[in-house]
Amino acid sequence: MASVTLTDVSKRFGDNTVVKNVFLDIADGEFVVLVGPSGCGKSTTLRMIAGLEDITEGELKIGERVVNDMTPRDRDVAMVFQSYALYPHMTVYDNISFGLRLRKMPKPEIDKRVRDAAQKLGLTELLDRKPKAMSGGQRQRVAMGRAIVRQPAVFLFDEPLSNLDAKLRVQMRAEIARMHRREGVTTVYVTHDQIEAMTLADRIVVMNFGVVQQVGAPLELYREPANTFVAGFIGSPSMNLFDVDLRATGGEPTVTGKGLSVPVPERLRPHLGDQTKLVLGVRPEHLSEAVDGPHMTARVDMLEPLGAEVHALGDVEGQPIVASLEPDTAVRVGGPVGLRMDLDQIHLFDRETGLALGRQAHRGAA
Amino acid sequence: MSGHTSSTQQSTAGERLLKNLFLVALCVMVLYPVVWVFKMAFTPSQGFSMSLNPIPENPSLANFEYLLTELPFFTWLFNSVVISLATTLVGVFLACTSAYALSRFRFPGRTTAMLSFLVTQMFPGVLMMIPLYLIMDWLGLLDHLLGLILVYSTTAIPFCVWMLKGYFDTIPIDLEEAAMMDGASTATIFWKVILPLSLPAVAVTALFSFMTAWNEFILAAVFMNRADNYTLPVGLQRLVGQFSTDWGYFAAGAILVSIPVVALFFALQKNLVGGLTAGGVKG
Ligand SMILES: Nc1ncnc2c1ncn2[C@@H]1O[C@H](COP(=O)(O)OP(=O)(O)O)[C@@H](O)[C@H]1O
Ligand SMILES: [Mg+2]
């Protein structure tokens with residue numbers, strides 16, 4: 001087992017910088033998830049750790065060793081691919097044992113490890129099958145088995161669940177979490193699915209355009225997004241964001257936008273600076289129906305009843321909004337709804353930099 | 001994409017009858033000469049019978065007996081087998097390795113190499129005869145089996161390289177990366193992952209190389225002067241004399257020569273179908 005340390009790591013393909021100045025300390029045994037929209041450089045970052053992609057700039061350490069110029073074979077890492085990448089001409093047993101056989105491990109030890117892994121993953125009955133004759137979920141397990149038997153210092157996962165159907169995905173997600181708890185191996189996991197990120201991670205790294213936006217525990221990212229990108233990316237449905245202007249009305253600082261006006265809560269006041277062009281963020285779950293004294297009035301054009309709650313989608317003077325309402329709400333499609341924000345839960349961002357008030361940009365971010 | 005597509009449009013019984021008659025006629029046209037060769041092979045006289053009846057009048061194995069006992073048939077067979085197998089081995093090995101490099105590595109001259117392989121295929125082989133003769137002479141390989149092996153391997157390689165490169169291109173790069181993570185070197189990846197997955201394409205190229213060498217006549221006739229260096233096609237051609245032709249022996253020889261090729265076809269049939277449809281249908 002080992003820690004993984006990226007120091008000012010960048011990756012360029014020709015003139016195109018796809019990973020920019022990433023600093024990241026991953027502790028021994030930690031489960032870190034890289035999350036971000038498609039094309040933001042997650043896979044490239046992971047592949048640099050794996051050794052499948054050269055590092056253009058910066059330093060990568062696994063444990064105490066600088067591994068920049070080391071082949072994948074010498075890095076002691078195992079990777080699970082999105083496509084599983086099982087060897088089609090080999091049985092499950094041979095797929096799982098391939099890496100061990102290449103390392104000339106004694107046969108009995110190989111056999112023990114393969115059977116051990118197969119048992120943990122429920123593959124014992126399938127050891128003689130070829131990948132072609134297996135379901136997606138089973139193939140996924142084989143891919144995991146192949147990584148486990150190696151007993152590597154670091155596990156790398158690149159969107160391992162994205163080819164599974166929704167139900168299986170939830171099941172395998174739990175399996176991966178269990179595996180990590182059991183083996184305690186340092187894990188770097190790439191996904192574009194923020195729910196996977198939230199449920200699996202000790203810490204989440206949010207990336208966009210090759211730049212790390214924020215690193216933190218799942219709830220930390222949810223509660224204190226560092227910028228508008230993280231605010232919009234983490235949480236489902238996404239946080240509502242409104243352009244607002246800061247004014248002092250009668251000594252009390254207030255933010256005012258189209259169709260809404262709220263006082264700046266006490267806790268945010270120390271962070272107010274000269275900047276008057278701000279963005280107000282409020283999560284759908286922190287909006288509630290208000291009979292009198294609403295902060296704003298939305299016109300509803302869709303209702304999504306989920307049982308425990310109803311998502312009302314609509315707009316406030318042309319600005320889209322989603323609110324999570326009580327299941328027995330009387331609101332109807334086409335009708336208006338008065339909404340109150342939970343002022344303890346609102347966020348203010350600098351409109352120019354996108355940063356949350358009082359926040360500095362993440363180290364390495366431009 | 002693959003598989004049997006049943007006719008969706010309604011065709012009347014009359015149309016179907018016409019279609020079938022047409023196909024039957026085509027089959028007869030293709031098969032009749034073959035049947036005739038059989039007839040001549042099993043007819044003891046060396047004449048060129050003009051009767052349309054495909055059944056030999058006094059069937060006998062005399063022609064085969066003559067070939068196998070009176071002519072150095074087994075020497076020629078040995079030469080052909082050695083040359084064809086060696087051509088196949090050399091050709092397929094070189095084609096596999098170069099096709100892999102062309103498929104997976106990016107290096108200066110890659111496109112040029114691919115194109116020059118293609119260009120060599122555009123000229124009829126006979127054009128190469130004189131330069132090849134000079135080169136063989138220079139190398140002292142005229143009238144040597146090795147000379148033909150070299151010539152045949154190099155003529156088969158361009159096709160084999162294109163065929164194999166096309167196949168390698170369809171093998172997902174993920175597999176190689178997974179093997180790399182498992183600790184495999186490039187050579188291990190090639191031998192243990194890529195080649196086993198490419199058996200259908202290798203089978204096609206192997207058969208192609210084998211047949212190129214097995215059936216080739218012109219170069220063999222020009223390069224080989226001593227009768228005990230003849231390949232089968234050259235030896236048999238000598239039966240077609242200047243003044244008379246021993247058609248019976250010739251037909252019997254033709255049948256004997258085809259047997260290994262037909263056998264190979266059947267042995268590799270399953271792989272051949274897979275190899276030829278590869279790329280269209282990914283497994
Ligand atoms: N081999 C490559 N050559 C050129 N550009 C690449 C290569 N691999 C990835 N990219 C580019 O790098 C960016 C990040 O890709 P990737 O790391 O795969 O994104 P993600 O995994 O976050 O979806 C993309 O814009 C992609 O087009
Ligand atoms: Mg990716």
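**Close-up 1. Lys107(A) and a patch of positive charge on the surface of the predicted model.** Lys107(A) counts as exposed because its relative accessibility is 67%, and this residue lies in helix α4 of chain A, which covers residues 107-120. On the surface, Lys107(A) gathers with Arg101(A), Lys104(A) and Lys192(B) in a patch of positive charge, to which chain A and chain B thus both contribute residues.

**Close-up 2. Surroundings of Val193(B) in helix α8 of chain B.** Val193(B) is placed in the helix formed by residues 186-197 of chain B, and with a relative accessibility of 0% this residue counts as buried. When neighbours within four places in sequence are left aside, the contacts of Val193(B) include Tyr87(A), His89(A) and Phe98(A) from chain A, together with Leu175(B), Ala179(B) and Thr188(B) from chain B. Phe123(B) stands 70 residues from Val193(B) along the chain, and the C-alpha atoms of these two residues are separated by 36 Å.

**Close-up 3. The salt bridge between Arg47(A) and Glu53(A).** Side chains of opposite charge can pair when their charged atoms come close. Here the side chains of Arg47(A) and Glu53(A) meet with an N to O distance of 3.0 Å. Arg47(A) counts as buried at 16% relative accessibility, and Glu53(A) is likewise buried, with a relative accessible area of 18%.

**Close-up 4. The salt bridge between Arg141(A) and Glu175(A).** In this pair the closest N and O atoms are 3.3 Å apart. Arg141(A) belongs to helix α5 (residues 136-148) and Glu175(A) to helix α6 (residues 166-183), both of chain A, so the salt bridge ties together parts that are 34 residues apart in sequence. Arg141(A) and Glu175(A) are both buried.

**Close-up 5. The salt bridge between Arg150(A) and Asp182(B).** The closest N and O atoms of Arg150(A) and Asp182(B) lie 3.6 Å apart. Because Arg150(A) is in the loop between α5 and β7 (154-158) of chain A, while Asp182(B) is in the loop between α7 (173-181) and α8 of chain B, this pair joins two chains. Both residues, Arg150(A) as well as Asp182(B), are buried.

**Close-up 6. A network of salt bridges in chain A.** Asp116(A), Lys120(A), Arg182(A) and Glu183(A) are joined into one network by salt bridges that share partners. Over all chains of the model, the count of salt bridges comes to 19.

Technical notes: Residues are numbered from 1 along each chain as its sequence is written. Chains are lettered from A and ligands numbered from 1 in the order in which they are written. This is a predicted model: local features need pLDDT of at least 70, side-chain atom pairs count only at pLDDT 80 or more; totals for chains, interfaces and linings use all residues. Side-chain values use heavy atoms; hydrogens and water are left out. Patches are made of residues with over 30% relative accessible area and no salt bridge: like charges are joined within 9 Å, nonpolar side chains (Val, Leu, Ile, Met, Phe, Trp, Tyr) within 5 Å. Accessible areas come from the Shrake-Rupley method with a 1.4 Å probe; for residues, only the protein chains shown count as cover. A salt bridge is a side-chain nitrogen of Lys or Arg within 4 Å of a carboxyl oxygen of Asp or Glu. Lys and Arg count as positive and Asp and Glu as negative; His and the chain ends are not counted. The place of a charge is taken as NZ of Lys, CZ of Arg, CG of Asp or CD of Glu. Helices (H or I, at least four residues) and strands (E, at least two) are DSSP runs, numbered from the N terminus. Buried means under 20% relative accessible area, exposed over 50%, partly exposed in between (1.4 Å probe, protein chains only). Contact means heavy atoms within 4.5 Å.
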